[in-house]
Amino acid sequence: MFYVALLFGKLAKFATKLRKTGGSAFPGLVAEKIYPPLLKEILAGTPVILITGTNGKTTTTKIVTELLEGFGKTVFTNSTGSNFPRGILSELLNLKNVRDFNYNFAVLELDEAWAARFVEKVQPDYSLLLNVFRDQLDRFGEINTTARYLKEVALATKKKVVSNANDKMVRSLGTVHFGFNPALSSHFPNDDELYMLSKKDQEKISSCNVRLNEINDDKVKFNIGSAKLKLSGNHNALNSAAALSIVSTVLSDEFNKKKALTILESIEPAFGRGEKVGLRNGNVQLILVKNPAGFRTALESQLSENGSVMIAINDDYADGRDVSWLWDVDVLPLKKVKMVSGTRAYDMALRLDCARVSYEYVNDNLVQALEGFLNVNGDKQIFCTYTAMLKIRSLLEKRATMKKVL
Amino acid sequence: MTKSLKVMMLYPEEMNIYGDFGNLDWLESRIEAHGLNVEEVLHVPGNPLDETADIVLGGGGQDSGQNDVKRDLLKNAIKLNKMVDDGVTMLMVCGMYQLFGHYFETVEGHRLTGIGVFDMFTKAGEKRLIGDIITDWEGYKLIGYENHSGQTHLNKDQKPFATTISGFGNNSTRKTEGARSNNAFGTYLHGPLLPKNPKFTDELIRLATTRKYGGFFPNLELDDSIATHARGVILDRFS
């Protein structure tokens, strides 16, 4: 059955290509239906590192993968952000060598809800729990539900769980911790602080194996040394600490601080997460935003001073159907917005109106809006939800040389 | 002297799950647009309740949030009921709507006592009721998003706020939505409710202004075209 499922999965992949429709998870769905244990059997014998949490999964997964590769390890990873089991299976079916799957590590990014289901089948050797924020409550119901999912992941993990010392929702789940110096706490409000819950979190953990101590634009200082990052945004400095923490845990004696920091300096943003695309009339930066915490951090630390800004808000399943989260974003750092688009462009415009942030155009037709926006000279930034980002990226691929991801 | 309205938000820390500040921000900017001043009061547990408020807002919370506020709410039950009887305008959304009924019963059968402004009770169901919702409120379509496990049942003399057009509303029977007693409204609609339903926002302001000053002189020049477009997105989906 193992081979039959593989064969049908590959056929489904071929069919998807012929139809030229999206559906990156479809081949995985077919293979899984035919032979449910397929994923578990392919991964058997390969140490699995599972990465989950509300924000920073894709970027952190990329950093962990590239750090391990820099230390000479071979790594399988689901780099397209298809972060649920069928998506991973689909990526496995892409490989030529899936029959004799042979890697030093599988570094897998999983959505929080799917992570809990994944660990029922495959127990990870290591897991990295980043944070818990309010996100897609239309799917998860409550933030406490998300925390419960991560607990299940921690309990199923065979060797070590690395978690965020500064997030009380995941702190106690870890045996190893990463974190930031209290002096930086205003840059990293947790969910309670974002919602004004004043009960300050008193508990302290002094034993972070990697701690972020200082941020000066792209120069960051950890307790293990300094680095100049190509990844913009305060959150990516913390994601780097998380990645260094788990990689040092996994590699143990083989880990070398200096070498790790050198590799870190060369890492480029993941697709759509601060990724810059060069066009004739200036750079365009794509910044994925999908919940209040992420949007807030992006506006605080990634908003450029003199670029033009576009915002694109969709409400497909992958974006979250409920757009009320826009009202929890402090939009005041946005002085002026050039273009508002996406299926829920008018909801975003209403939000900006209420905060008295001015905007020039609203157009819920994303193709037209992007076309117009790209004609503006100078550097540009687009803050966009997940499906809007995929669409914009596919349109940009026609204009610039970019790595195709989906 | 310029007229002013005092807007009080109940439990802004605990009962503020998703965009609830949007109702407050929007209401305040709308009151100002009608030429009145706004005074804002954030009521936190333990503080004395300001009974001179003209409009009271309450939001949704997680189950844990409801537990955190219940003692303060019960302590102020008589005052809040008296304010409703006196015609104070109120809008309670989701979690606070449930606590304005007689009780909320969890899946485990544990009862959280409410303050009985609305003659109704709520029991947690197995299935969450989630999605876009459109209701009919006196001929105007209210648009919002609902996300609740509670099944709310109105006793026979309790007036609903609106009737369900699409979505669920009070419970899985998809008939009524929310409750209204005097000038107090309870609803499951967030989204948040007020920005996308300017006509209802104006009604809250009209009720409060009329009670306080005897009349309301609306600014008829307000441009609601953006809100109309935002409403159109959801209305088109269900037409």
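Modeller: Let's begin with a definition: a residue is buried if 20 or more other C-beta atoms lie within 10 Å of its own, exposed if 12 or fewer, and partly exposed in between, with C-beta atoms placed from the backbone. This is a predicted model, where local features need pLDDT of at least 70 and side-chain atom pairs count only at pLDDT 80 or more, while totals for chains, interfaces and linings use all residues. Residues are numbered from 1 along each chain as its sequence is written, and chains are lettered from A and ligands numbered from 1 in the order in which they are written.

Biologist: Thanks! Why does N182(B) count as buried, partly exposed or exposed?

Modeller: N182(B) has 16 C-beta neighbours inside 10 Å, which lies between the two limits, so N182(B) counts as partly exposed. You will find N182(B) in the loop between β11 (179-181) and β12 of chain B. Helices and strands here are DSSP runs, numbered from the N terminus (H or I of at least four residues for a helix, E of at least two for a strand).

Biologist: And what makes the phi of N182(B) worth a look?

Modeller: Most residues other than glycine have a negative phi. N182(B) is not a glycine, yet its phi is positive, at about 55 degrees. Y11(B) is not a glycine either, and has a positive phi of about 50 degrees.

Biologist: Where is Y11(B), and why is it classed as buried or exposed?

Modeller: Look in the loop between β1 (4-10) and α1 (20-33) of chain B. There, Y11(B) has 24 C-beta neighbours inside 10 Å; that passes the limit for burial, so Y11(B) counts as buried.

Biologist: Which bond joins G191(B) and P192(B)?

Modeller: A cis peptide bond, with omega at about -20 degrees. P192(B) belongs to the loop between β12 and α5 (193-196) of chain B. For comparison, most peptide bonds are trans.

Biologist: How do you know that strand β4 (residues 89-93) of chain B is largely enclosed?

Modeller: Five of its five residues are buried, so β4(B) is largely enclosed by the rest of the structure. T89(B), L91(B) and V93(B) point one way, while M90(B) and M92(B) point the other way.

Biologist: What makes β3 (residues 55-58) of chain B and β4(B) a pair?

Modeller: Two strands pair if DSSP finds at least two bridges between them. β3(B) and β4(B) have four bridges and run parallel, so they meet that rule. One of the bridge partnerships is L57(B) with L91(B). Four bridges also join β4(B) to β12 (residues 184-187) of chain B, again parallel, and M90(B) has A184(B) as its bridge partner there.

Biologist: Over to chain A. Why are β2 (75-77) and β9 (225-228) of chain A called edge strands?

Modeller: They belong to an open sheet of nine strands with mixed pairing, in the order β2-β3-β1-β4-β5-β6-β7-β8-β9. β2(A) and β9(A) each have a single partner strand, so one side of each is left without a neighbour in the sheet. For β2(A), three bridges lead to β3 (residues 105-109) of chain A, and the two run parallel. Within β3(A), V107(A) is the bridge partner of T77(A).

Biologist: How do you know that the buried residues of α11 (residues 257-265) of chain A share a side?

Modeller: Those residues are A260(A), I263(A) and L264(A). They cover an arc of only 105 degrees around the axis, which puts them on the same side of α11(A) (the arc is that of the directions from the helix axis to the C-beta atoms). Their cover includes α4, β9 and α10 (234-251) of chain A.

Biologist: What makes helix α5 (residues 85-94) of chain A mostly covered?

Modeller: Nine of its ten residues are buried, among them P85(A), I88(A) and L92(A).

Biologist: And why is chain A called as compact as a globular protein of its length?

Modeller: Chain A has 15 helices and 15 strands. Its radius of gyration, taken over C-alpha atoms, is 21 Å, close to the 22 Å that the globule rule (2.2 Å times the number of residues to the power 0.38) gives for 406 residues, so chain A is as compact as a globular protein of that length. Of those 406 residues, 51% count as buried.

Biologist: How many residues of each chain take part in the contact?

Modeller: Chain A gives 25 residues and chain B gives 26, where contact means C-beta atoms, placed from the backbone, within 7 Å. On the side of chain A, α7 (137-140), α8 (143-156) and α13 (345-354) each give two or more residues, and α13(A) gives the most, with six.

Notes:
Contact = placed C-beta atoms within 7 Å.
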